[in-house]
Amino acid sequence: MPHSHDHCNHLPGEACSGDHGHATGPQLVPPPLALYVHLPWCVRKCPYCDFNSHAAKGELPFDAYIDALIRDLDQDLPLVWGRVVSSVFFGGGTPSLFPPEAIDRFLQAASARLRFAPNLEVTLETNPGTAEHGRFDRYRQAGVNRISFGIQTFNDEALKRLGRIHDSGEAERAVKLAQDAGYRNFNIDLMYALPQQTLAHAEHDLERAFALDPTHISHYQLTLEPNTVFFARPPQGIPDEDSAWDIQEHCQALLAQAGYGHYEVSAYARDGYQCAHNLNYWRFGDYLGIGAGAHGKISSGAEQHVLRRWKHKHPQTFMDTAGTAASIGGDDVISADRLPFEYMLNLLRLHEGFSLRDFESRTGLQRSVLQPALDTAVARGWLANSKDLWVPTDLGRRFTNDVVELFLA
Ligand SMILES: C[S@@+](CC[C@H](N)C(=O)[O-])C[C@H]1O[C@@H](n2cnc3c(N)ncnc32)[C@H](O)[C@@H]1O
Ligand code: SF4
């Protein structure tokens, strides 16, 4: 429990003058709740990707996996009794490998067990190389109301170098299939600072994306992640930090001109189309994580703590153990020492900033624990403050990692 009073000698409930951040003051109030569902297979593993994704070998056990997801959900339900779920996100891996009937079966089972908000956002990640005619209609009927396409770039040479299973024409056709099925709310994932990418190439990628009129664009800098092929053997011609920064600045300006508001490090959206599910992560909201390797974060008002729970990574082990304690990779209560850092790691990604009232209700800690770090951040020009709102400045956004580090205990 983060709020163990072992280190001070007042009685529970008695006012504590110590400045170590626990309650008699603030109470942790459970924030909005989301549901993340991990679907772990892909046609092929991309050489830059460190997600928990596995190349499909032969027929995939769709039905058995959905059964396992439902057992997994049943096991986690006591953590969230009575709470309303505001978004569902099918992530991967490549969720679009799953037939609509499988997605439908899971959503029906979930809606029988959880209270879904009336305006529930339901996103499905889609690899354009798996898009098939007729499927989007049925995803829609199942309740999926937002599609996130992993396109990465519209440059066919670059797509090959990234080991992608589709070319740019297929990517555009996949988006049109979804539009024909009535999807207006969709995201396009692009990556920049790709091997041999010039500024002109990166700008051209955005122009091609704009032509498809997405409501949301995620614009990620390619990172070389440990345990990937690219990390072991970096490809030729990755732009250096200065060139990557130059690409980012120019692309930000193009996105703004095209009407996409920059609201998080890598996320841009038309007004009213910010991704509710991801926003909830960045606002330090709660989420159940269902499926192989999925991570959840759940606050308990009764326990006054925040629990992280994660599931076994390997799909077969997960399926064999789902619904039993053996499927749980770990349960970890975030310590009071670490909560400020974990809160800031998320909130400082957002342009909207945060309030100390929100910090108190989402951590149960007193605002005074943040004050020294806040003072330093303001003195360095990284945060601006007006009333109870704290917002990262342009400089602060450029050095997010340094700002977040100030909040390490
Ligand atoms: C789970 S994948 C999306 C769906 C689907 N698997 C696909 O790739 O088409 C999430 C997104 O993360 C981004 N991503 C993955 N690895 C990355 C890396 N090493 N650096 C930057 N972005 C990365 C890609 O844009 C990718 O579309
Ligand atoms: S398709 Fe997506 S999840 Fe699968 S390996 Fe490629 S980037 Fe990773």
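## Gly-143 and its surroundings

In this predicted model, Gly-143 sits in the loop that links helix H3 to strand S6 (146–152). Is Gly-143 buried, exposed or partly exposed? A residue needs 20 or more other C-beta atoms within 10 Å to be buried, and 12 or fewer to be exposed. Gly-143 has 18 C-beta neighbours inside 10 Å, so it counts as partly exposed.

Setting aside residues within four places in sequence, Gly-143 is in contact with Leu-107 and Val-122. You can also use Gly-143 to get a sense of distance: Phe-51 is 92 residues away from it in sequence, and their C-alpha atoms are 25 Å apart in space.

## Helices H2 and H3

Leu-107, one of the contacts of Gly-143, is a good place to move on to the next helix pair. The axes of H2 and helix H3 (residues 135–142) come within 9 Å and cross at roughly 5°. Angles under 35 degrees count as roughly parallel, and that makes H2 roughly parallel to H3.

Which residues make this contact? On the H2 side they are Pro-100, Ile-103, Asp-104 and Leu-107, while H3 brings Arg-135, Arg-138, Tyr-139 and Ala-142. Sorted by class, the contact of H2 with H3 has five nonpolar and three charged residues, with no polar ones.

## Ala-102 and the packing of H1 on H2

Helix H2 also holds Ala-102. With 19 other C-beta atoms within 10 Å, Ala-102 is partly exposed. Beyond residues up to four places away in sequence, Ala-102 touches Phe-62 and Ile-66. Its C-alpha atom is separated by 16 Å from that of Pro-315, which lies 213 residues away along the chain.

Those two partners of Ala-102 take part in a wider helix contact: Phe-62, Ile-66, Leu-69, Ile-70 and Leu-73 in H1 meet Ala-102, Arg-105, Phe-106, Ala-109, Ala-110 and Arg-113 in H2. The residues of this contact of H1 with H2 comprise nine nonpolar and two charged, and no polar. As for geometry, helix H1 (residues 62–76) packs on H2 at an angle of about 15°, with the axes 10 Å apart. H1 and H2 are therefore roughly parallel to each other, and their crossing is right-handed.

## Helices H6 and H8

Another helix pair lies further along the chain. Helix H6 (residues 199–211) and helix H8 (residues 241–257) have axes that come within 10 Å and cross at roughly 30°. With that angle, H6 and H8 are therefore roughly parallel to each other. H6 passes H8 in a right-handed crossing.

From H6, the contact draws on Leu-199, Ala-202, Glu-203 and Leu-206, and from H8 on Asp-246, Ile-247, His-250, Cys-251, Leu-254 and Leu-255. Seven nonpolar, one polar and two charged residues make up the contact of H6 with H8.

## Unusual backbone spots

Some places in the backbone deserve a second look. Most residues other than glycine have a negative phi, and most peptide bonds are trans. What kind of peptide bond joins Gly-92 and Gly-93? It is a cis bond, with omega about 15°. Gly-93 is placed in the loop between strand S4 (84–92) and helix H2 (100–113).

Phe-284 is not a glycine, yet it has a positive phi of about 60°. This residue is found in the loop between helix H9 (276–282) and strand S11 (286–290). Phe-284 counts as buried because it has 22 C-beta neighbours inside 10 Å. Lys-387 is not a glycine either, and its phi is positive at about 50°. Its place is in the loop between strand S16 (383–386) and strand S17 (389–392). With 6 C-beta neighbours inside 10 Å, Lys-387 counts as exposed.

## The whole chain

Stepping back, how many helices and strands does the protein chain have? Its secondary structure comes to 15 helices and 17 strands. The radius of gyration is 22 Å, close to the 22 Å that the globule rule gives for 409 residues, so the chain is as compact as a globular protein of that length. Along the principal axes, the C-alpha atoms fill a box of roughly 65 × 50 × 40 Å.

Buried residues account for 41% of the 409 residues. Among contacts with a separation of 6 or more, 72% are between residues 24 or more positions apart.

Note on methods
Residues numbered from 1 in each chain as written. Chains lettered and ligands numbered in written order. Predicted model: local features only at pLDDT ≥ 70, side-chain atom pairs only at ≥ 80, totals over all residues. Axes fitted to C-alpha atoms, helices over the stretch in contact; angles between N-to-C directions. Helix = DSSP H or I, 4+ residues; strand = E, 2+ residues; numbered from the N terminus. Parallel < 35°, antiparallel > 145°, perpendicular 65-115°, else oblique. Left-handed = near helix turned anticlockwise from the far one by under 90°. Contact = placed C-beta atoms within 7 Å. Nonpolar A, V, L, I, M, F, W, Y, C, P; charged D, E, K, R; others polar. Rg over C-alpha atoms; globule rule 2.2 N^0.38 Å.
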